[in-house]
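Me: I would like to go through this model term by term, asking what lies behind each label.

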Amino acid sequence: MSYSDITINDKSRVKSWLHKKRYRQALISVNEIPFNFAGSILDFGGGNGEFCKYILNKFTGSSIVLYEPTPSIREEGSVNLTQYPQVQIIDNLKNSPYPVYDIVFCMEVFEHMVEEQYPVLFGQFLSMMDKNSLLVISVPVEVYLPALAKGAFRMFRRYGSFDANIKNVLKCFFGRPPSIRPRGTIENGLPYYYDHLGFDYRVFESELQKYFQIIGSYGGPATFMPVCMNLEKYYLCRMQ
């Protein structure tokens, strides 16, 4: 199953719509940047590159780099972006065409990263930023009411699996997600969480604050609602 089959092309119209809306909502973070912005943008762990299309639609003169370390997903990106030669795709940050980026996006990545990898990724962000760079991170909300809504959807699809287990769903609903999550490895051998359930944005935020200044945040898809009533949270960060 391809990356797009479980995101924008998911058989659930609701899930497909939410993923497309997530891309649009990430761009809320850069609404104050003029449309003629022509700086450099990095989509870190950008999957099949779909978000790059949204960035180009907003900033047609920008220089965009897609970094995706997983070979099979990166290949999907190459195919998906065939008509967008202005997007450069790299498999290693050492191959980055720019030493520093004006904007770094990292969308829905950290819920899959084991906690020991957080400092590594934060360090990679810092190495590609300066005091004027903006870092935008999005993570899912997997506690409280959103956890119950997502859990119900998952149980309808695959009842009994780790993220569709009533006990685990209720733990998340009460704000105490399971401390042990099933781990696997991706193609490059890195440890990886396949399930979103168990990720706690509160723990992530605490770690994020140690490395960056959080200058803003908002929830999605209903930006006017508090984060605890939303499915995702977006962070706008700068170097400390």
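The exchange below takes up a buried side chain, the nonpolar cores and a pair of strands.

Reply: Before we start, this is a predicted model, in which local features need pLDDT of at least 70 and side-chain atom pairs count only at pLDDT 80 or more, while totals for chains, interfaces and linings use all residues. Residues are numbered from 1 along each chain as its sequence is written, and side-chain values use heavy atoms, with hydrogens and water left out.

Me: Why is N48 called buried?

Reply: Buried means under 20% relative accessible area, with a 1.4 Å probe and protein chains only; N48 has 3%, and is therefore buried.

Me: What makes the link between N48 and the backbone nitrogen of E50 a polar contact?

Reply: A polar contact is a pair of N or O atoms within 3.5 Å, where, within protein, one must be able to donate a hydrogen and the other to accept it, and residues adjacent in sequence count only if both atoms are side-chain atoms. The N48 side chain reaches that nitrogen at 3.3 Å.

Me: What makes a group of residues a nonpolar core, and which residues have the most contacts inside the largest one?

Reply: The term covers buried Ala, Val, Leu, Ile, Met, Phe, Trp, Tyr and Cys residues joined through side-chain atoms within 4.5 Å. The largest such core has 33 residues, and F44, F110, F125, I137 and F204 have the most contacts inside it.

Me: How do you know that β5 and β9 pair?

Reply: Two strands pair if DSSP finds at least two bridges between them; β5 and β9 have 6, in the antiparallel sense.

Conventions
Buried means under 20% relative accessible area, exposed over 50%, partly exposed in between (1.4 Å probe, protein chains only). Helices (H or I, at least four residues) and strands (E, at least two) are DSSP runs, numbered from the N terminus.
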